[in-house]
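This report examines a ligand site and one helix. Please look at the sequence and the structure before reading on.

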Amino acid sequence: MTDNTVAVLGAGMVGVTTALELQRRGMRVTLMDRRAPGLETSYGNAGVIARSSLMPFNHPKLWGTLPSLLRNQSTGFRYSPSFVASNLGWALGFVGRARQSVFEETTAALDDLIRLSTAEHRRLLGEVNALHRLRDNGWLFLYRSAQAFDAPGAQLGRETMARFGIATQALNAGELRDLEPVLQPVFAKALWIRDSCSVNSPGAVVKAYADAFVARGGQLQTCELRTLRSSGEGRWQIVDGHGNAQEFGRVVIALGPWSQKFMAELGVDIPMGFERGYHMHYAPGSAENSLQRPIYDTAGGYVLSPMEQGLRLSTGVELNRCDAPMKPVQLDITEAAARQALPLGQRLEHPLWMGRRPTLPDSRPVIDEMPGRPGLWLAFGHQHIGFSTGPGTAALLAAMMLGDKQLPMNPHPFRASRFL
Ligand SMILES: Cc1cc2nc3c(=O)[nH]c(=O)nc-3n(C[C@H](O)[C@H](O)[C@H](O)COP(=O)(O)OP(=O)(O)OC[C@H]3O[C@@H](n4cnc5c(N)ncnc54)[C@H](O)[C@@H]3O)c2cc1C
């Protein structure tokens, strides 16, 4: 490759780790974002890196719960009818893929991506002296009744995890109390996903990775990105909000939920749903009187994770336009449910934080070169697991871009031609 310049657009977890990996592989990398690295979706998430996340939301047992989800009263899932009506293609494509054959392909693909990413996270956290942020004690799915534990979706989850060799342990109420004494006795059963870890500040992890990229000679530019155009001879011009253009040999689009809008500027329609979620921090109790690991209250519809900033409650899904005004109804409802589970202190964060999980119809990201546009690479659509899977995305994309004979994982499930 004669021209080794590459621009990575977007400095969330996906863009930052892609920039780092391409730099490690000898490329001259410029990372561009309108904000400092890791301040959007990659900042406010629950910080869980879990093999259990191979289960997509649109699994085959979704059909059984769909009628109740459509009533739009669930704590964990709400939708804007007008968003769904104007994105019917995406919505039908998403629900239509809740079938066994797609599920088989998606779970295998996501398991590969999560395993590769976890190994890469460990390497990177070590390199940037941030291993102290990593907790290696799993996470917990909590069930308020035995029926909930035996529900078809929960059973499918356990069977799938067993099939992939993911270490889990079912707990009764007493065993749960021994593991997390701070929890009130409102949970009848729990599943401890032992094959998972979590971090105590996702934003700080992205920042540490971005700092390493700059310290190793990478260029970080702050600018609003408007579009890009081919400048001929296989090179690409990036145009910023002031109309200024810069030329690169390669470009990677890693703009998370905003990738759809950016691709639309290029005349390409990407079917993407925005699974918005809110978070709030609460004053934690003393260290020995607080949660030791993240929990997912399956009925309450929230995840609570111990963070540097306090206990972080993050809500489930609000399906809506990417930039529609905030509507944090689920935060109020889930906060009430969480207060039944453990003593939460006062709210600590203003203004409120919201993120958008960018989701493609088959719940798999695109990690590929764009068909018909050599040098233009795509890395977006990481739904609920982009904090975990940025580093694996980076390793696969770099290997493909640099023409490695042996790729670190099967690229086929992530090909762009699925939707383009
Ligand atoms: C509530 C919640 C909880 C979650 N929990 C987890 C979890 O526990 N584990 C997990 O793995 N994942 C989790 N996720 C998902 C995860 O956060 C996302 O999948 C991931 O952060 C996406 O990363 P990204 O780099 O693709 O996007 P982002 O982090 O959103 O990065 C995109 C970047 O592009 C920039 N940008 C966009 N448009 C422009 C433009 N025009 N010009 C310049 N810059 C631009 C933005 O400023 C931003 O920095 C959660 C998400 C939410 C909302």
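## Basis of the report

Helices (H or I, at least four residues) and strands (E, at least two) are DSSP runs, numbered from the N terminus. The model is predicted: local features need pLDDT of at least 70, side-chain atom pairs count only at pLDDT 80 or more, and totals for chains, interfaces and linings use all residues. Residues are numbered from 1 along each chain as its sequence is written, and side-chain values use heavy atoms, without hydrogens and water.

## The shell around the ligand

A residue is near the ligand if one of its heavy atoms lies within 4 Å of it. Of the 32 residues around the ligand, those that come nearest are Asp-33, Thr-41, Ser-42, His-384 and Ser-388. The largest share of the shell, three residues, is supplied by α13. At least two residues each come from α1 (13-24), α2 (41-44), β20 (353-359) and α13 (386-401).

## Polar contacts

A polar contact here is a pair of N or O atoms within 3.5 Å. An N or O atom in the side chain of Ser-42 is 2.5 Å from an oxygen atom of the ligand. For Gly-386, a backbone N or O atom lies 2.9 Å from a ligand oxygen atom.

## Helix α8

Helix α8 (residues 152-163) has twelve residues and should span 16 Å at 1.5 Å a residue (1.5 Å times one less than the number of residues). Its end C-alpha atoms are 16 Å apart, which agrees. Just after α8, Gly-165 takes a positive phi of about 70 degrees.

Key
Polar contact = N/O pair within 3.5 Å; in protein donor to acceptor, adjacent residues only side chain to side chain.
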